[in-house]
Amino acid sequence: MIPNKVRSHLVQNEDLIFEQSSPGKNGYQLPPLDVPEVDPAEALGAANVRATIEDFPEVSEVEVIRHFTRLSTWNYAIDLGMYPLGSCTMKYNPRINEAVARIEGLAWAHPYQPESLSQGVMEVTERLEAALLAITGLDAITLQPAAGAHGELTGILLVRAFLEAQGNPRKRILTPDSAHGTNPATAGIAGYDVQNIRSNDQGMIDLEELARAVDTDVAALMVTNPNTLGVFEENIMKAADILHSKGAMVYMDGANMNALVGIARPGDFGIDVMHLNLHKTFSTPHGGGGPGSGPVAVKKHLEPFLPTPRLHRKGDTLTWDYNRPQSIGKVRAFYGNFGVLVRALAYIYAHGGPGLRNATVDAVLNANYLRHRLRPYFDLPYDRPNMHEVVFSDDRQSAKGVRTGDMAKRLIDYGFHPYTVSFPLIVHGALMIEPTETESKRELDQFVEAMIAIATEVDTEPQTVLKAPHMTRTTKVDEVTAARKPIVRWKR
Amino acid sequence: MNYPENYRYTKEHEWVSLEGDIATIGITHHAQEELGDIVYVDLPKPGAAVEKSKTFGSVESVKAVSDIYAPVSGEVTEANEILGANPEKLNEDPHGTAWLIKVKVSDAGEFSHLMPASEYQTYVGAES
Amino acid sequence: MLAACGITSAEQLFEQVPASARIDHALNIPPGLSEYEIADTFKALGAKNAVGYASFLGAGVYNHYRPVVVDTIVSRGEFLTSYTPYQSEISQGTLTAIFEFQTMICQLTGMDVANASMYDGSTAVPEAAMMAVRVTKRNRILVARSVHPEYRDVLNTYAKNQGLPVEEVGYDNETGQIDLNDLEAKLNGETACVIIQSPNFFGIVEDTNAAAERAHAKGALLVFTFAEAVSLGILEPPRAADIVAGELQSFAISPSYGGPFAGIMAAKEQFIRQIPGRLVGATKDTNGNRAFCLTLATREQHIRREKATSNICTNQALVALMATIYMELYGKQGLRELATQNLSKARYLAGKLKPRFSGPSFNEFVAVTADPEDVNRRLLDRKIIGGLPLAKYYPELSDGVLLCATEMTKRADMDALAEVFHS
């Protein structure tokens, strides 16, 4: 049974651009040169000049437009429907954000233009810093990191610098077994050993286990709150006390901050340092995998170590302060992904304080609604109220030979993007579902119907689910051959 | 599955056979089954030292990496070259042509402390 | 919906959050604005920056024309509002575009393999250095002083915390190229890699082969970086390098006060499993049709966790798509013509000023003048933003100013700038 959300339609085939290329074609126009033309071989030395860019494409403008338009129809997108990837926060990307980011004075600002001619871009930075501090309840913030994982690295380097200034950078970072993979990877790159902390039977930080693990070699705990089960760590303040009593810090992965905006502030529940994902909580587009932005907010004691430069206001004038002797240095050239900052600030302006809180309430309500509607059909290993996402397991279906990954593929046939599969690792066969505030009850109900239909198919016609998807232009892809014999570029 | 009687086994699912002071090391049928389609095998070069219970290489499927632990200590004399271009052999013949490395053992006594086939069979049965 | 959840008010949803952690006040952020008010607010902020100025700034961020087709395509929701293409069956659009991107990066750089993008050039450089450390199992890094100062800053931040010593190699005071004698003196059996940039920060084209020969003789890798991608339209690609890590901002990515940009990472075939970040590979679907998927994921953080090649997750896909479209629009002939225009403009400007270095330069060069800050002040009066005074980054070049000319630079503005330099 396929509900009325989808039916088949024509999709065009399309060759790679290299296969469409024919000599002499081009899709650009340059103005006539208003200075004498230089012979490259003469100017640069013949040995420095390349003969040609071998096999580079040669196509016309309309061929480029058609090429990418045809390719685009092979993608699913938020603009087409619900995209319930848990942990990824796939919410609507307002188009006003795109429009304002392209305003000439913002989009064409050069990072080295004089500060006197950069007051507008610096004010964008200042306003966003203030809004994010109001939301997190922390004391200072850097907007320099380019993405969430980059923010994590920045945050852990801040912890390291602070501890080093006290005489001992320490050796270990603790991560719960429910953590995102970026957390342990980050700790490794920051020069720390990683120790896994087992969650308790509620899927939360086990305070006794934590107390046993924390000693004066521990630099920090990296914790996601709400955690990857979508549940608020109710003992977060006690956990923070355990860390702080041994001089260690609490790093919060802010991937799930969209569950807290306007409700609770990390600065109030013991967090020393955290990152935000502007491409999750603050609606900047994921763009098929970036760009993101990962601002890092800190308590006062970490402020001296923030990356250079820091924005500083002197009366009516904003300046960049490079004189920061204790700073960890730069984590990225210039001032971060400024264009993403513009979009995030536009989102904050569109919602305002009350609207931001409403968005949180709607996101949490949507996720709880899904939990209640789907729990008769799917196993709920941690059965308790959730925040912005809910995690089921495939226990009932895998007993019949159908796993979470199979059902995810079948969901595509019903017109939805799959949920997050097999994460967090502490749930065997996880279905991690995050609807966000974007979805209406109508879209949620269609999703629920699809999930119920799939659960029924697992009983009645499991092969249909196992062989899914059936409706897509591209069927199941041979990832094994791709990895055994990697072909990562076209060759004639 | 019949696990060869003349091999010894580890809890991490490696097997060893010993001829003179040369040990041949591989991963078990059970291990390859758990991993699924194997796409890459990372092995040490001849001359490298391996130490009992320490990792000496890894085996990758599309979405997982498993470290391989040395069941015995010694010096690598040979790494199985066919696995570079044909990692799928590890799925097809893990106890035979798809051995991983040969090691000149430094303490043959280590071999006898490993599990015999019957014990490993029971261990695998209990784990799954 | 509340009833379905067994509650009567939305506030009950938050009872799981301890009261002491909840806030009892409204956020200190004013109420929401209409679309018109938002547009107005940002227009006003935009107007407080340099608008209507001619600019001679380059230094890692270049003014190149952005064909309108680029925004037409990247504004499509199917590209803009999709996630990382993990679900191959419904992500073939993004995957195919990335495969074309990887291919063109290889064609441009002369490397065998390229990944799907890095954050930017400044972060790609330390990632390349860490990759060289993994490959060579050595830990010293040599970096040319003529590499972009901010790239070096970021390299230092990363290296410091991994215990990787970084040492600078000087430049030749005449040519502005890397000092090969200094390089040879500093290379030893502990050196993992030598990092050079070309055109370097002074706009000078380096002798990549000479640097590579010296690095390879000591068993070190050569990491090649670039900030001005247009130069690759005409310059010999760095075939002698082992890893290429650079910045694509020049390819239809607006300066945007320094980001978002798109970095690249490319390398020789044998290093494919040490490359950080995402890779797209070609394969087939069950019907035997061509298909693409993310591949060699075991290198990455979500699988290998603390042993991953990098912690990078989100990268710069949409920005890399801009560069992809740009490369396809310009193509083989266009990139060459574009590069030649840049070269010609910069030559014209250099002919009117006093270049500091004698090495071959592309679209940037260092000019000498008694007081760069004073010149820049006087230029502003004529609505011209001058070049970058080098004193802050190179105290020894305090009379130097880094000037850039691109296809967007008008002859009249160059004449006006020269006039101020000479007055």
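How many bridges join S11(C) to strand S14 of chain C, and in which sense do they run? Keep that question in mind; the tour reaches the strands at its last stops. This is a predicted model.

**Stop 1: chains A and C**

Select chain A and chain C together. Their contact draws on 185 residues from chain A and 175 residues from chain C. About 15,700 Å² is buried between the two chains. Carbon and sulfur atoms give 64% of that area. Now highlight A:Arg50, A:Tyr112 and A:Val488. These three supply 5% of the area that chain A buries against chain C, more than any other three residues.

Turn to the polar side of this interface. The rule finds 9 salt bridges between chain A and chain C. For one of them, select C:Asp120 and A:Arg332: their side chains meet with N to O at 3.8 Å. There are also 82 residue pairs in polar contact between chain A and chain C, both residues being at pLDDT 80 or more.

Next, colour helix H11 of chain A, residues 338-374. Helix H11 gives the most to the side of chain A that touches chain C, with 23 residues. Colour that whole side by residue type. It divides into 107 nonpolar, 47 polar and 31 charged residues.

**Stop 2: A:His417**

Centre on A:His417. Look for the loop between helix H13 (404-413) and strand S11 (420-421) of chain A; A:His417 sits there. Is A:His417 buried or exposed? Its relative accessible area is 3%. The cut-off for buried is under 20%, so A:His417 counts as buried.

Show what surrounds it. Leaving aside neighbours within four places in sequence, A:His417 is in contact with A:Tyr76, A:Met82, A:Tyr83, A:Pro84, A:Leu85 and A:Leu411. From the other chain, C:Gln87 and C:Ile90 also touch A:His417.

**Stop 3: chains B and C**

Hide chain A and show chain B with chain C. Here the contact takes 9 residues from chain B and 6 residues from chain C. The buried area is about 570 Å², with 49% given by carbon and sulfur atoms. Pick out B:Tyr40, B:Glu60 and B:Val65. They supply 56% of the area that chain B buries against chain C, more than any other three residues.

Stay on B:Glu60. It forms a salt bridge with C:Arg273, the closest N and O atoms being 3.7 Å apart. The rule finds 1 salt bridge across this interface. It also finds 1 residue pair in polar contact, both at pLDDT 80 or more. Now colour strands S4 (38-42), S6 (55-61) and S7 (65-69) of chain B. Each supplies at least two residues of the side that touches chain C. The residues of that side divide into 5 nonpolar, 1 polar and 3 charged.

**Stop 4: a hairpin in chain C**

Select residues 280-284 of chain C, strand S9. This strand is mostly covered: 4 of its 5 residues are buried. Add strand S10, residues 290-294. S9(C) and S10(C) pair in the antiparallel sense over 5 bridges. Within that pairing, C:Thr283 has C:Ala291 as its bridge partner. The two strands form a hairpin with 5 residues between them. In the turn, find C:Gly288, with a positive phi of about 85°.

**Stop 5: an open sheet in chain C**

Finish with the strands from the opening question. Three strands make an open sheet in the order S11-S14-S13, with antiparallel pairing. S11 (364-368) and S13 (388-389) are the edge strands, each pairing on one side only. Select S14(C), residues 400-404: 5 bridges join S11(C) to it, and the two run antiparallel. To see one bridge, pick C:Phe365 and its partner in S14(C), C:Leu403.

Methods: Residues numbered from 1 in each chain as written. Chains lettered and ligands numbered in written order. Predicted model: local features only at pLDDT ≥ 70, side-chain atom pairs only at ≥ 80, totals over all residues. Heavy atoms only, no water. Contact = heavy atoms within 4.5 Å. Buried area = accessible area lost by both parts, 1.4 Å probe. Salt bridge = Lys/Arg side-chain N within 4 Å of Asp/Glu carboxyl O. Polar contact = N/O pair within 3.5 Å; in protein donor to acceptor, adjacent residues only side chain to side chain. Nonpolar A, V, L, I, M, F, W, Y, C, P; charged D, E, K, R; others polar. Buried < 20%, exposed > 50% of the residue type's maximum accessible area, 1.4 Å probe, protein only. Pairing = 2+ DSSP bridges.
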